[in-house]
Structures are given as structure tokens and as C-alpha cells.
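Colleague: I would like to learn how to read the internal cavities of a protein model. Could you take me through them?

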Amino acid sequence: MTVGQDAGGPVPAARVRGMLARPEIGALIGALVVFVFFASLSEVFRSPAGIANWLDPASTLGIMAVAVAALMIGGEFDLSAGVMTGSTAIVTGLVATRLGWNIWLAIGVSLLFAVLVGFLNGYLVMRTGLPSFIITLGSFLMLQGLNLGVTKLLTGTVLIRGLADVPGYHSASMVFASTVSVFGGAFRVSVLWWIGLTLLAVYVLRRTSFGNWVFSVGGDVRAARNVGVPVVRTKITLFVTTAVAAWLVGTITILRLTSIQANSGIGQELIYIVAAVIGGCLLTGGYGSAAGATLGALIFGMVSQGIVYVGWDADWFKFFLGAMLLVAVLTNQFVRRYAEEAKR
Amino acid sequence: MEDISREQSDSSSLLQMRGIVKQFPGVRALDGVDLDVRAGEVHCLLGQNGAGKSTLIKVLAGAHQPDTGEVLLGGEAVKLANPTAAMRQGIATIYQELDLVDGLSVAENIFLGHEQATFGFTRRGEMFAATRKLLARLGHGEIRPSTEVGRLSPAGKQVVSMARALSHEARLIVMDEPSAALAHDEVTNLFRIIRELTSQGVAVVYISHRLEEIREIGDRVTVLKDGRTVAVGLPARTTPTATVVSLMTGRNVEYVFPPRPTGGFGDEVLKVEDLTVPGVVSGVSFTVRAGEIVGLAGLVGSGRSEIMEAVYGARRATGKVTLNGRPVKLGDTSHSVRIGMGLAPEERKAQGLLLDQSVARNITLASLGRYSRFGWLNRKLENAEAERLVKALDIRPPDPNRPIKTLSGGNQQKAVLGRWLVEGRKLLLLDEPTRGVDVGARAELYALVRRLADEGVGVLLVSSEVPEVLGLADRVLVVREGRIVHEAPATELDEHHVLDLVMDATPSHG
């Protein structure tokens, strides 16, 4: 019986299998297939303008998917992630338009709000030992009610508008909502945020102590505790990170639209989880990848716009999304099993 | 009890625990425990399940806080407030479950919780180098630091756990049943590593149910019973087994096996002809008669468990198996159960038990058909039967509604066997029936198995503990490399002879 692996490094076939065992492989294949498919059917899809167009929805989704993936690797869910993109924007909008504060201050207030909500989610989950699914379902519904109730109470409508007239709007808009023209395509700056955050998440998860802790608290929380990993701190940090990612998306959204609907973001929480799972995250925690979640978001963006470019009815979008989810998960499972055989 | 031999603390003591008391709601788990461990020794901790061993090591690991009592390390009182504090004091604990994270690499696991990092960024090169050094020190330089731990064998994982203990510069390593998941040659390697460590001055607290191991590796023994220390510092090699067992149980129990029946056995229950499992078992034939216990002796990987699984239908196989003259459909476990087979699998927790369900549920699981009509269960009947069996099996505590995970290993195993106590069983297959069961409860299990046989059931037994096969079985089949190499009545064999047969021409990959 061999104890470890062979000393001389794996043979090429085993190396290929080792590569295939990476969590994001299914999403990578999926993204390539989807790209080739739509690019071959539509010239616009592969033009700079088209690329800019489908990168846009991918970017805001991707920012969230990366954070949600990290949280899922840590073994938790956050169903309030979707509504939080609306709540944070509403806080920014109300503080800026009702109190007349500088937009930067308003953004700062909503950041504090996001940290607080994330902390409460995490604290309650750790304190009660209840599944995060239930705790965040509770906070999701409460926030949904607050968004609508507070907005109507203060504005009389379900819409907060007039952000463009607030002091500091121009500079804030530059940072969060501008567009950059490259080869004739108008690329949103949110794409840069997305790429930056993905790189940061990949690096943190694989190359820092905190990243190791995330995998350990999701993979085997008892083991993590026994070796002295700060379990509570790690998980609360992940909830706060998710809420802060929602704050970033909320800020991007409100500055781009200069207004915000009270029901903004609701229903997106499951899409984030879908992107993370397409990217190779297990629902049981301890396994997954930030790069995979980003690829999942990319697939989402390409399909949502690609359907329009090839002239299909956009009503079919959800059908394709669901099919992508199943195909990706089955591919992941198949590939992983194939890779596992390498060790037998 | 006059065996208590409290020694005066001498200067060579590394660890001293004095008068440790730990109270849980409703249970006094530790009721004044003393432990004295010297640097460089292997100190064995013995006791039945529930004697307080796990609580004691959790106190040592910083996972539990004692209510009273003191812990001295190198002569100084220390407070082990949490696992990290214990590790800082140089106490590393290797639990049975090993506490490794499958998704992380070997190096990441070893340094989990105490990463070598600058501002949170891990210094991979350094960690890899340190990992290589630790693994080499343990004689396992072939394990690569970047390998995902989930891909290692149980033995490999254990080496990683030990490397982790060393990475904390542990002065004291606590090992909770380290040999439970290992094959024979891997245990030999484990002992080599332990000797290496102790020669460097590291003390090891070793917990095992296997007395033979304690004789081989241990220096001194401390015995716990009902949360108290009943003997301190007995010499591990020379203390007679009877003394140790009577200290543990508080009564004079020998390694008791029930008497064999004096009369002959009944008709042939099981007939196996030319059973082959590709690559593992080749052309095995044997029979089991009513009332007879047939033991399969062999090393892990010899094919002994596979033979049993193939007979039961849990494994693809070719050949001919008949039960009471009726052909058994190979590879169809539900057919096997229907015609009268019952299996108590090796990994009780994974394969045999619904841990969160009640004792009653677990007992009646295999015979639900008996209590149902048109698919509807008759709960009353089911519960009455469960209650009867809980009494008959002497399961403690005698509460059929308790979740089975709260029971000790021995009582869980009784419940698994109890499943097949219902009428109509013709053949019982037992794979490692006493794994993780303490010595006292073993005797009860042996008696139970014999009782089943006396009622006319044929029993096929697999155990890696040769004395168990020899003591319990009527006839022994020695399995090596997928073949039966010897067959004899158990009374004509001794342990030495069987071990010779089992290990003869040790397989090359072995």
C-alpha cells in the first residue's frame, strides 16, 4: 500500500487529470463553448461593442458571484446578497437626496450599513448555530420590506431619483459608473472592478492564511477549530465581504442610473449561487474557486446578451441559464470522478 | 482496589495532571484523574468506553476546561484555555478523525492555523521546505507538500497529522486510536515513527483498544475507570493482561469467549463455489453450516472482506452461491436479505447506522416489511418489537427512543446485530464486529453471536484480530491474496500459526 504519491512527480497523464480536477474546469469549458457558439452566429457578439455589452451584466454579477463563492467555500449561504445591492443603493440615495450630503459621505454611510448587516448575518449564524440559509432568508425578507416601506415613507413613491444633482456626483460617477472606450467598444468601469476583485479573491483564497481558513471552516469546521483557526472571525468576515460586495454593486447601480427602485436586486441572490456552482463550488462547502465563479458570471453575461444578438426571444433566457447550470454541474461531477481515478 | 500506585512526582515528569474533575450536565465525566507522563516515553491510556479517556484528552487539548484540578507542564502550572493555547505549550492532539481538511494541500494542512505568513500572505516556499523536512523526519519524504490531502490514503493522512504535531514543536503528542484505520504493515511504520519521536525526547500519550499494541509500543500504562484513575504508571510490557482487564472492568473478566457447542452442526446453510471477484478474489469455495461460526482470517487487502461482500451481493462477482439450497442472485443485496442473509458491515457508522435516528428505528430497519401492511407501517408493532430487542440485547441505556449516536460503540454494535435477531435469518455476515468496542463489551457481543448461532443461524465472521477469530469461530479459513490457503477447526490452530499463514510470501505491494 502506498502512502503518498510517487516521488518522481506525476506522469503526464496524471498531470492532465490533476488539471482536470480543478473546480473551475467545467465553467472554463462552458464559457469557451458558449463564446464560440454565439460568436459564430453573430458578428455583433464578437465585435468590441458587443463584447462591452455582454461584459457589463457579467461584471456586476461577477463581483457578487466571487464574494458568494468565497462564502460558499466557507460553508455558508447568503440569501440577502441580492436585496442588499438594493438596500445599500437606497441608503446612499436617501442620505444623499434627503439629507443633501455629499455623495461620497452617503456612499460611506451605506458602506457602514453593509458592514453592519454582514456582521449581523454572520454573528447570528455563528451565535445561534442555525443554518445560514434560514438566518439570511430572514434578513432577506426584512430588508425587502424595509426597502419598500422606508422608500415609500420618505419619498411617497417606490423610486429614489435625483442623484445627478447631489454634490460630488461627478467624481463618484467617474470611479463607479464611467465608461472607457476601447476599439470603439464602450466598456463599463465596473468590468475593471470585477477583474480586480476576481484577481484579489483568487490570490487571497489560495495564497493567504485567511484563504486557508476559509477552505478549512467550510471543509471541516471541527478540524479547523481544533487546530486553532479563528472560525467565528473567518465566517463573519465572509458575510461582511459579501455585504460589502453588494454595497459595491449597489453603488455602481445607483450612480449609473442616478436613481434606484425599491425592489432592486431582489431575486438575484439565487443567480449568484448559480454562477458560483457553475464555477465549481459545492453546496456543502470546502470546495470551489473564485475564478470559476467569475467564469460562471461570464457565461451568464454572454448568454443573456447572446440570445438577443442571434435574434431569439429573450424570454428563453432563464431556460438556457437552467440548462447551463445542469450541464456545468454534471460536467464537473464527471470530470472530477475521472480525475479521482488517477489516485486509484 | 490496592493497585493504585501513586508515584511521587519526580523531576523527569513532563506532564502532570492532578485531581482533574469535569462535570457535564447529568454526568461526571472525570472524577479526580491523575496522569503523569515522562519525557521520551510512550504512555498508554486504557479504559473502557465511557471511562473518561476522550474527555481527558480534550482537557489536554484545550477543548474542555476542567472544573477543578491542575495541569503541570515541566513542573509549572499551565492553563490550557483553548486548542491554540495547548499547542503553544507544545501539546498536540491527533484525534481519531485526524482533523485534516481534504480540500487543502499537505503543506496547507500542516500549517493550518499557524501559517508562516507575512501580513497574512503565506510564504509558500518556506512552508513547502519545512513540510518536506517534517515529512522526511517521519520517513515519508515521498509525500509531496502540494498534494491535496483528500487524495492520500488513511496512512498518508496520519503521517500528515503527525507532521502537523511536529510543526508545533510538540513536546507531548496525544494519539487517539491511531492504529484503528491502518493495515498491519502501516502499524509497524507508525510504531517506527513513534520510537523515532520518543528517542528525540517527545512524549506520546497513546490510546488504543488493542492490548497487543500497548505491549509492543508502550512504556507505562495508566488505567481509567468511571472517570477515575485506578492505576498509574504500570509497566506496559510486564503487567499481566488479566490485571489490566480487571482494572478496566473492575471484575475479573478474561478475554472471554463463549463455550463452543458440544454437539455437531446442522445442515449446510451456505455453499459457495468458485466465487471470483475480478482482481481481488479468485475461485473461492467453502460452506457454512447451521449453528456454525466460520471465521475468515487474513490481512487487510487479502480479500477477506471482499469475499463476504460478494456473498452478500454488495460486490460484483461470478461463481455460485446457494443459501439453504436456493441459488443466491449475485449482486442483489435486497434479494440476499429477502432469502435470509444479514450483514453487519465493517464501517458501522458509514454503512450500517442511521446515526440521528432512534435505537428502535435502527433495529427494525431491515425488517420493516414485517411491521407494514400495504406499505403502511404499524408503528405500535414496530416499537413493541424494538423494545423487546433492546431488552434482549441488554442495550444500555435501555431506551429505544434515544438517538443511536449517543450510545457507546459496543451498544451501537449490539443494535446492528439486533436487526438480524428477528426470525427467519439463516446466515449472518459479521465484518469486524468488535472494532472500536471496549474489552468488557466485547465479551457480551461474543456471547450474543454465539447465541445466534445456537439458535441455528450460520455465521461468517471477518476480523483482523486473530485471537478473536480463533476464540469465537468454530472453523477458520485463512485468506491470502484472494485465495483460501488453509482451513482447520479453530481448536487446532494457534495465533502464531495463523499469522505465519496469513503473512507467508508477503505480497510485493504489501
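Modeller: We will go through the cavities of this predicted model.

Colleague: How does one find empty space in a model, and how many cavities of 30 Å³ or more does the structure hold?

Modeller: Rolling a probe the size of a water molecule over the atoms shows where empty space is left. In this structure there are four cavities of 30 Å³ or more.

Colleague: How much space lies in the largest cavity, and which residues are the closest to its centre?

Modeller: The largest cavity contains about 190 Å³ of space. Its lining is made of 18 residues, and those closest to the centre are A:N226, A:V227, B:M87, B:A92 and B:T93.

Colleague: Which elements of chain B each supply at least two residues of that lining?

Modeller: They are α2 (83-88), β6 (91-94) and α5 (154-167) of chain B. With four residues, β6(B) gives the most.

Colleague: How do the residues of the lining of the largest cavity divide by class?

Modeller: Twelve are nonpolar, four are polar and two are charged.

Colleague: What volume does the second largest cavity have, and which residues line it?

Modeller: The volume of the second largest cavity is about 50 Å³. Its lining residues include B:L46, B:R215, B:V221, B:P235, B:A236 and B:T239. Two elements of chain B, α7 (211-217) and α8 (241-249), give two or more residues to this lining. The largest share, three residues, comes from α7(B).

Colleague: What classes of residue make up the lining of the second largest cavity?

Modeller: Seven of its residues are nonpolar, two are polar and one is charged.

Methods
Residues numbered from 1 in each chain as written. Chains lettered and ligands numbered in written order. Predicted model: local features only at pLDDT ≥ 70, side-chain atom pairs only at ≥ 80, totals over all residues. Heavy atoms only, no water. 1 Å grid on protein atoms, 1.4 Å probe; cavity = no way out; pocket = protein on both sides within 12 Å on 5 of 7 lines; lining within 4 Å. Points joined across faces, edges and corners; volume = space filled by probe spheres on them. Nonpolar A, V, L, I, M, F, W, Y, C, P; charged D, E, K, R; others polar.
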